[in-house]
Amino acid sequence: MKRILIALTIAAVALLSCEKYEDGKPSKNVRSQFSSMYPSARDVEWEPDYGNWKVSFETGTVPNVKEHEAWYDVNGNWIRTETDIFQNELPQAVKDALAASEYASPYLQIDDVDFVETPDGDLYQVDVKVAGVEVSLDVTASGVITLSSLGL
């Protein structure tokens, strides 16, 4: 009898603590869209992000491994993908635009660079520090710079 009570208690706790989806991951539509876009993804980790799903994953092989983060809405619609890149992978037009921008100075320090793909087009998100102040810039491949609408 004691074993039955313990088993029922464990089952009740498990049912009450269940996440929205049975396996603790996004819906089948979201996972299906991700799998079709990134069939070679590995080290996949899902987490909820302000009503959407963010997935962190890797592609490529050593020494060319790339780290990515992609966002999907709850229906499986792709929002964007950010891929970590090295500063030397920026197109020359982007480097030239940064060097000629109001942010250029002897104190300009590039902290992080991401290649960002969206349904509306691609861009480079460049996080810079200018005299100790962190600014995130969106730069098109042709070198047009705007303050980032994607945030840091």
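Let me start with one pair of residues: Glu58 has Glu67, in strand E3, as its bridge partner. That pairing belongs to strands E2, residues 52–59, and E3, residues 66–72, which run antiparallel to each other over seven bridges. Keep in mind that this is a predicted model.

Now the whole chain. It has three helices and eight strands, and from the N terminus the order is α-α-β-β-β-β-α-β-β-β-β. Of the 152 residues, 33% are buried.

Next, the sheet. The eight strands form an open sheet in the order E1-E2-E3-E4-E5-E6-E7-E8, paired antiparallel. Strand E1 (42–49) and strand E8 (145–147) are at the edges with a single partner strand each, so each has one side without a neighbour in the sheet. On average, neighbouring strands here are turned by 25 degrees against each other, ignoring direction.

Then helix H3. H3 lies across strand E5 (108–118), E6, E7 and E8, and runs at about 140 degrees to E7.

What makes up the largest nonpolar core? Twelve residues do, including Leu90, Val94, Leu98, Tyr103, Val128 and Leu137. Helix H3 (92–100), strand E6 (121–130) and strand E7 (133–139) each contribute at least two residues to this core. A second core lies apart from it; it has ten residues, among them Phe34, Tyr38, Trp46 and Tyr72.

One residue of the largest core in more detail: Val128. Setting aside neighbours within four places in sequence, Val128 contacts Leu108, Gln109, Ile110, Asp111, Val133, Glu134, Val135 and Leu137.

Last, the surface. The accessible surface of the chain is about 9,900 Å², with 54% of that belonging to carbon and sulfur atoms.

Definitions and conventions: Residues numbered from 1 in each chain as written. Predicted model: local features only at pLDDT ≥ 70, side-chain atom pairs only at ≥ 80, totals over all residues. Heavy atoms only, no water. Helix = DSSP H or I, 4+ residues; strand = E, 2+ residues; numbered from the N terminus. Buried < 20%, exposed > 50% of the residue type's maximum accessible area, 1.4 Å probe, protein only. Areas by Shrake-Rupley, 256 points an atom, 1.4 Å probe, with all protein chains shown as cover. Core = buried A, V, L, I, M, F, W, Y, C linked by side-chain atoms within 4.5 Å. Contact = heavy atoms within 4.5 Å. Pairing = 2+ DSSP bridges. Axes fitted to C-alpha atoms, helices over the stretch in contact; angles between N-to-C directions.
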